[in-house]
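Got the viewer open? Let's take a short walk through this one, stop by stop.

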Amino acid sequence: MTEPRLSYLIGRLERVLRRRLTAALDPAGLTLPAYTALSVLRAQDGLSNAQLARRSLVTPQSMSEVLGLLVELGYVRRRAEPGHGRVIRTELTAAGRRALEGCDRAVDAVERELLSDLGDDESAGLREALLRCSHALEHELVERA
């Protein structure tokens, strides 16, 4: 019997993880892209729609929909950049930070379960390997552009 392809295993894990995270975030009324956007804004507030979309790995059109929900919930505010009326910056609100903290606990629980069969060294090694693999493929995409 042949070993499953690594790309298949990663894809399968991604689909299962996405379902589990979606279920974990549902009680808070957030989608996975909305949670990701809030997390990105926590790390770097004041991003434009295009910047936020790139960092959240969604299209600018999808990010516009996500931001509509987050504005409606009061989790972000949007403002025109002075001198550049077409550039709208997005900022996390205090309510958004509180919602994000609650969602972080739910995501932490899923991640603990994900890593439950691995030791600390294995978990750290997996994180490092995934980062290196991601950077390798992202580097390839940037060079082709």
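**Stop-by-stop tour of the charged pairs**

Searching the whole structure turns up 5 salt bridges. Keep in mind that what you're looking at is a predicted model. As background for the next few stops, side chains of opposite charge can pair when their charged atoms come close.

**Stop one: along helix α1**

Select R18 and E14 and show their side chains. They form a salt bridge, and the closest N and O atoms sit 2.9 Å apart. Why are these two separated by about one helical turn? Because they are 4 residues apart in helix α1. Now turn on the surface: R18 counts as partly exposed, at 41% relative accessibility, and E14 is partly exposed too, with a relative accessible area of 35%.

**Stop two: from helix α1 to helix α5**

Next, pick R20 and E113. Their side chains meet in a salt bridge, at 2.6 Å from N to O. R20 belongs to helix α1 while E113 lies in helix α5 (residues 94-114), so this pair ties together parts that are 93 residues apart in sequence. For the surface view, E113 is partly exposed, with a relative accessible area of 44%, and R20 is partly exposed at 38%.

**Stop three: from helix α2 to helix α5**

Stay on helix α5 and select D104, then add R42. Here is another salt bridge, with the closest N and O atoms 2.5 Å apart. D104 is in helix α5 and R42 is in helix α2 (residues 32-43), so the pair ties together parts that are 62 residues apart in sequence. Is D104 buried or exposed? At 15% relative accessibility, D104 counts as buried, because the cut-off for buried is under 20%. Its partner R42 is partly exposed, with a relative accessible area of 38%.

**Stop four: a small network**

Which residues are joined into one network by salt bridges that share partners? Select R77, R79 and E91 together, and you have that network in view.

**Last stop: a nonpolar patch**

Leave the charges behind and head back to helix α1, which covers residues 6-25. Select L6, Y8, L9 and I10 and show them as a surface: they make a nonpolar patch of about 400 Å². Click on L6, which lies in helix α1. With 59% relative accessibility, L6 counts as exposed, because the cut-off for exposed is over 50%.

Key. Residues are numbered from 1 along each chain as its sequence is written. This is a predicted model: local features need pLDDT of at least 70, side-chain atom pairs count only at pLDDT 80 or more; totals for chains, interfaces and linings use all residues. Side-chain values use heavy atoms; hydrogens and water are left out. Patches are made of residues with over 30% relative accessible area and no salt bridge: like charges are joined within 9 Å, nonpolar side chains (Val, Leu, Ile, Met, Phe, Trp, Tyr) within 5 Å. Accessible areas come from the Shrake-Rupley method with a 1.4 Å probe; for residues, only the protein chains shown count as cover. A salt bridge is a side-chain nitrogen of Lys or Arg within 4 Å of a carboxyl oxygen of Asp or Glu. Buried means under 20% relative accessible area, exposed over 50%, partly exposed in between (1.4 Å probe, protein chains only).
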